[in-house]
Amino acid sequence: MKNFVVGLFGDPESALAAAGSIQTADLGTPELMSPVPMEGVEEVLGEKKSVIKRFSLFGAIFGGISGFLLAAITAVLYAHPTGGRPIITFPPYLIITYELTILFGIVFTVIGFFVSARLPNGLWTAWWKQDENRPYVPEAAVNKFAVSVTCTSNESVQQAEAILRTAGAEEVRDVTEEN
Amino acid sequence: MHGEPNQLKYTDIHNDVVRSIVETGPNYYIALVTAFALTLICFFFPWFYQLYYGIGAAGMNHPSVWGTYLASFIFWIGLSHSGTLLSCVLHITNSSWRKAMYRSAEAMTLFSLVVAAIMVMVHVGRPWFIHWAAPYPNQMEMWPNFRSPLLFDVMAITTYLTGSTIFIYMGSIPDFAAVRDRTRGWRNTMYSLMSLGWRGTDTEWHRLHWAYTFLAVLIIPLAVSVHSIVSWDFAMSIVPALHQTIFAPYFVVGAIYSGTAGIVTVMFVLRKFMDFGQYITELHFDNLGKLLLVLSLLWTYINVVEVFTGFYSGASGETEALNYRLFGFYAPLYWEMITFCAIAPLLCAFKSFRTSFVPMLVLSIAINIGMYTERFLIVATSLSRQYLPDAWGLYVPSAVEISILLGTFALFTTLFLLFVKVFPSVSMYEVKETMESPKKSPPAASEGSPA
């Protein structure tokens, strides 16, 4: 059995406190859902690390090399001697290199974001219905702060519900059962 | 509309923005149909006429082989500069006043770039060969010349268009998700696809923050490079008054200047016609007014430097081009530009002016008229007065060119009107961020108000 127990809170402080209590009670790392980025999440749930910067760096290096090679190789393929200057000239090719460095840096940053945020979520399988492996509460996009706990037994469900209610949850839902 | 700003709640923002998308009054349809009809009549029909009868339908001829099409291209590229650039700078400097207005400013960037790219196709005369600028293996065994500033331009604008599109889209994903939950039918399907299954989890917010910041850091130098490169289309020539080392900063400052004025115009329209008066406030106009004042002083300084160095050089071609610009056939346009872009913006020194909506709107339009004139003068006065007097000539735009110029504004308006019905034109989650977080107690005050 795998259930998601979701507590809805009216304020971020209570949601954060509930998330901390869930983690302390050894019920796993809860997931927070909110209409705005919440401050203090990392103090409660631990530091988050992202691989996006590595994607950005790789994209920028790849783009820079590709840009220079594009300009240089095409110049060699169709040689156009001008005033005795070399066929591969650095000053103008640096501009192409620069532009493609930025272009691929941007593209790979987006790829890094999608990979690390695990998006798209349910895009092709069920855009009319949320992915059941990822709970969702629409109120969390408006004005509520949700704490989602993954439970694998009836005991843990009851324990999680109790912690969420004690922390001040306005409502506690079993999202899987609803779906 | 709801009450005073300090009474706003998260749900108010949500409702107001969703309403701006799903509720459409007759005035919107009238505006959209009018803008679209003007686009057809003023832009596409004259363009098709030119395509059918040839580029001779435009007033461009030797020596003025560049005309209003290129002036429009520079103008629209310039107008694109403040949206994404300003948004990026204000994002990494953590300026919260940006949050209510940046989405529309970024849309302005995007559509200005689209219009600018179309102007290139209008200018080249035979747009069906535009793919020759792309580096791809072809039967002619030819490749683009990457030593040419025109190819720099192709690469820079492609990158900027891609970056700006991604930047506005990434920032909108949480809002698409919020709108998705409030819509039905085709709208729900569209926003479900566009929101990519966003749920607003702590991990998603964390990743979005980092990706968005990286994008901002990448786009700022890109934006500066784009208009520098546009300036090199001219400055890399050896034509008097164009061959200037100061052209790159001149173009960048001019671009940010006209773009900021464009933002003021767009903010006024959104405030007035989309009922966003609570989110786009006097504070925004005040800050944009200060920015306009600083930029106008910078722009004036560069113009003075350009005139002084031209005069001090003593080079006959340079002084002739300078005299022609200041006192020749196009002189009334030059002094109109100085009045609109150097003198009128000094009014922004007064707070009472900066916080007055209608005067700021009038000023922003005047600045952009002046900035278009600047671009026209760069193209027209230099090419018509080159080194040899027997190569001198006059350029006056034809009716086709004037119509297409007017049509670009209709095209931009059409695209922007479509945008406000698809994208949340005020960023919901970022405006919510500027508000005080909801508090635990008392229960009646469970939702916050703006800081």
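The following exchange between a biologist and a modeller goes through a predicted model and asks what its labels rest on.

Biologist: What makes A:R118 partly exposed?

Modeller: A:R118 has 13 other C-beta atoms within 10 Å, and because a residue counts as exposed at 12 or fewer and as buried at 20 or more, it falls in between and is called partly exposed. A:R118 sits in the loop between α4 and β3 of chain A, and its phi is near 55 degrees, a positive value in a residue other than glycine.

Biologist: And B:E141, is that residue buried or exposed, and how do you know?

Modeller: With 8 other C-beta atoms within 10 Å, B:E141 meets the limit of 12 or fewer, and therefore it is called exposed. B:E141 belongs to the loop between α4 (102–124) and α5 (149–180) of chain B, and here too phi is near 55 degrees, which is positive although the residue is not glycine.

Biologist: Why are such phi values worth pointing out?

Modeller: They are pointed out because most residues other than glycine have a negative phi.

Biologist: How do you know that the peptide bond between A:L119 and A:P120 is cis?

Modeller: The omega of that bond is about 0 degrees, and the bond is listed as cis; A:P120 is found in the loop between α4 (90–117) and β3 (145–151) of chain A. In chain B, the peptide bond from B:H62 to B:P63 is also cis, with omega near 5 degrees, and B:P63 lies in the loop between α2 (26–53) and α3 (68–92) of that chain. Most peptide bonds, by contrast, are trans.

Biologist: What makes β2 (31–33) and β4 (171–174) of chain A the edge strands?

Modeller: The four strands form an open sheet in the order β2-β3-β1-β4 (chain A), with antiparallel pairing, and β2 and β4 of chain A each pair on one side only. From one strand to the next the twist averages 20 degrees.

Biologist: Why do β2(A) and β3(A) count as paired?

Modeller: Three bridges join β2(A) to β3(A), and because at least two are needed for a pair, these antiparallel strands qualify. Within that pair, A:L32 has A:V147 of β3(A) as its bridge partner.

Biologist: Which strands does helix α1 (residues 12–24) of chain A touch as it packs on the sheet?

Modeller: Helix α1 of chain A touches β1 (3–9), β2 and β3 of that chain, and its direction makes about 15 degrees with that of β3(A). Helix α5 (residues 154–166) of chain A, for its part, lies across β1, β3 and β4 of chain A and runs at about 5 degrees to β1(A).

Biologist: Which residues touch the most other members of the largest nonpolar core?

Modeller: Of its 177 residues, A:A18, A:V147, B:F73, B:M119, B:A211, B:L215 and B:V226 do so. Helix α7 (residues 202–235) of chain B gives the most to this core, with 18 residues.

Biologist: Why is this core said to lie between domain 1 and domain 2 of chain A?

Modeller: Domain 1 (3–49 + 138–178) and domain 2 (52–117) of chain A both give residues to the core, so it lies between them.

Biologist: What does B:F73 touch, leaving aside residues up to four places away in sequence?

Modeller: B:F73 touches B:A116, B:M119, B:V120 and B:H123.

How values were computed:
Residues numbered from 1 in each chain as written. Chains lettered and ligands numbered in written order. Predicted model: local features only at pLDDT ≥ 70, side-chain atom pairs only at ≥ 80, totals over all residues. Core = buried A, V, L, I, M, F, W, Y, C linked by C-beta atoms within 7 Å. Domains from an automatic or database assignment. Contact = placed C-beta atoms within 7 Å. Axes fitted to C-alpha atoms, helices over the stretch in contact; angles between N-to-C directions.
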